[in-house]
Amino acid sequence: EIKLLIVPKSDVLQPTPNLALIDRVKEYITARCLSTFELQVSGPYWIKVSVTANIVPVSSEVADAAKSISTKSITEFLHPLAGAYGKGWRFGHQPQKSDLYALLASIPQVRYVDSLEIEFSNTPNSILSSNSSLIYSGEHEVQLTVNS
């Protein structure tokens with residue numbers, strides 16, 4: 001049995017293959033396999049990742065920019081194909097808090113990250129650890145604590 005997962009190249013947050021693409025790939029591969037193989041072609045199990053962070057900007061003058069850049073950076077970092085520092089996410093892997101702390105702390109307008117939580121969509125642990133799962137960016141909430 002062979003399981004082939006397809007993730008089409010796309011900038012959308014969750015690049016899901018359509019049925020026509022799945023059928024076309026299955027037909028192409030099946031024509032080149034031994035008849036003893038059973039081929040399954042599908043998209044991955046999708047895991048939506050949402051982040052809540054509280055950041056402290058370097059000054060009140062850059063607070064709005066710090067929030068905007070932080071939200072955009074999180075979204076880009078969690079893209080299944082272009083995220084994870086441009087390498088894309090591997091099947092079965094999830095971001096760690098340390099990854100996101102480092103990401104946000106590297107933004108020049110951010111003095112430090114006060115708190116951070118990662119929420120995975122209502123997904124059973126068996127799917128979270130599955131080699132057939134792939135993350136994508138959900139909704140993110142970046143809150144500001146501005147020190148005077």
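Does Ala84 count as buried or exposed, and at what relative accessibility? At 8% relative accessibility, Ala84 counts as buried, where buried means under 20% relative accessible area, exposed over 50% and partly exposed in between, with a 1.4 Å probe and protein chains only. This comes from a predicted model, in which local features need pLDDT of at least 70, side-chain atom pairs count only at pLDDT 80 or more, and totals for chains, interfaces and linings use all residues. Residues are numbered from 1 along each chain as its sequence is written, and side-chain values use heavy atoms, with hydrogens and water left out.

As for the overall layout, the chain carries 4 helices and 6 strands; these are DSSP runs numbered from the N terminus, with helices being H or I over at least four residues and strands E over at least two. Going along the sequence, the order is β-α-β-β-α-α-β-α-β-β. The radius of gyration comes to 19 Å, well over the 15 Å that the globule rule gives for 148 residues, so the chain is more spread out than a compact globule. That radius is taken over C-alpha atoms, and the rule itself is 2.2 Å times the number of residues to the power 0.38. Along its principal axes, the C-alpha trace spans about 70 × 25 × 20 Å.

Of the 148 residues, 39% count as buried. Contacts (heavy atoms within 4.5 Å) have a strong long-range share: among those with a separation of 6 or more, 76% come from residues 24 or more positions apart. About 8,800 Å² of the chain is exposed, with carbon and sulfur atoms supplying 51% of it; the areas come from the Shrake-Rupley method with a 1.4 Å probe, and for residues only the protein chains shown count as cover.

Now to the aromatics. Searching the whole structure turns up 3 aromatic pairs. Here rings of Phe, Tyr and Trp (its six-membered ring) pair if their centres lie within 6.5 Å, and planes under 30 degrees apart count as stacked, over 60 as edge-to-face and the rest as tilted. One of the pairs joins Trp46 and Tyr136 edge-to-face, at 5.8 Å centre to centre and 85° between the planes. This pair links distant parts of the chain, with Trp46 in strand S3 (residues 45-57) and Tyr136 in strand S5 (residues 133-137), 90 residues apart. Both Trp46 and Tyr136 are buried. Phe77 and Tyr85 also pair edge-to-face, at 5.0 Å between centres with 70° between the planes. Phe77 is buried at 4% relative accessible area, whereas Tyr85 is exposed at 54%. Together with Trp89, Phe77 and Tyr85 make up one aromatic cluster.

Back to Ala84, which sits in the loop between helix H2 (63-77) and helix H3 (97-105). Its phi is near 55°, a positive value in a residue other than glycine. Tyr85 lies in the loop between H2 and H3 too, and Tyr85 has a positive phi of about 60° although it is not a glycine.

Elsewhere, Ser42 belongs to strand S2 (residues 39-42) and is partly exposed, with a relative accessible area of 24%. Setting aside neighbours within four places in sequence, Ser42 is in contact with Lys3, Leu4, Leu5, Ile6 and Ile22. The C-alpha atoms of Ser42 and Asp99 are separated by 29 Å, with their positions 57 residues apart along the chain.
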